[in-house]
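Take a walk through this fold, one part at a time. Keep the sequence beside the view as you read.

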Amino acid sequence: MVMQTDIVVVGAGPAGLMASTVAASAGAGVLLMDERSWAGGRLGLQTQQLQGPDSMYRGRTGIDFCRGLLDAAPPAGVKLVLDSAVSRIRSVRSKT
């Protein structure tokens, strides 16, 4: 697959989802890739309610939290590719 992009984020766990969404919201072309068939990492599989600040986690499971992160990524402009192991990333600069 050939795709022009500014940033490639490898790993669609919570940190990768958040980083890619923030970068895309700032105007970068972002490709987010993960070798698994789902986004959210291990937190995205957690069915228990999360512990921590009520303002962020009140009544939410890891699945709910990651679903919110995943729902925000495409509207921000993130291109998500799952089931794809990354073995090499090559930077090609155009001559402009």
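**From helix to sheet and surface**

D71 is partly exposed, with 45% relative accessible area. The model is a predicted one. The side chain of D71 meets that of R67 in a salt bridge, 3.5 Å from N to O. Both residues lie in helix α3. They are four residues apart, about one turn of the helix. R67 has a relative accessibility of 47%, so this residue too counts as partly exposed, a class that runs between 20% and 50%.

The structure holds two salt bridges. The pair D54 and R58 also forms one, with the closest N and O atoms 3.9 Å apart. That distance falls within the 4 Å cut-off for a salt bridge. R58 is exposed because its relative accessible area is 62%, and exposed means over 50%.

Stay with helix α3, which spans residues 62-76. I63 is found there. What is the exposure of I63? The relative accessible area is 38%, so I63 is partly exposed. Now look for its contacts beyond four places in sequence: L43, G44, L45, Q46 and T47. T47 is 16 residues from I63 in sequence. In space, the two are 6.3 Å apart, C-alpha to C-alpha.

Next comes the sheet. Three strands form an open sheet in the order β1-β2-β3, and their pairing is parallel. Why do β1 and β3 each have one side without a neighbour in the sheet? β1 (7-10) and β3 (78-81) stand at the edges, each with a single partner strand, so one side of each is left free of a sheet neighbour. On average, neighbouring strands are turned by 20° against each other, direction ignored.

Look at how β1 meets β2. The two strands run parallel, and four bridges join them. β2 covers residues 30-33. V8 has L31 in β2 as its bridge partner. Helix α1, residues 14-25, packs on this sheet. α1 touches β1, β2 and β3. Its direction makes about 170° with that of β2. Strands of a sheet pair through backbone hydrogen bonds, in either a parallel or an antiparallel way.

Finish at the surface. V8 appears again here, in a nonpolar patch with V10, V86 and I89. The patch measures about 300 Å². V86 sits in the segment after β3. V86 counts as partly exposed because its relative accessibility is 32%.

Technical notes
Residues are numbered from 1 along each chain as its sequence is written. This is a predicted model: local features need pLDDT of at least 70, side-chain atom pairs count only at pLDDT 80 or more; totals for chains, interfaces and linings use all residues. Side-chain values use heavy atoms; hydrogens and water are left out. Two strands pair if DSSP finds at least two bridges between them. Axes are lines fitted to C-alpha atoms, for helices over the stretch in contact, and angles run from 0 to 180 degrees between N-to-C directions. Contact means heavy atoms within 4.5 Å. Buried means under 20% relative accessible area, exposed over 50%, partly exposed in between (1.4 Å probe, protein chains only). Patches are made of residues with over 30% relative accessible area and no salt bridge: like charges are joined within 9 Å, nonpolar side chains (Val, Leu, Ile, Met, Phe, Trp, Tyr) within 5 Å. Accessible areas come from the Shrake-Rupley method with a 1.4 Å probe; for residues, only the protein chains shown count as cover.
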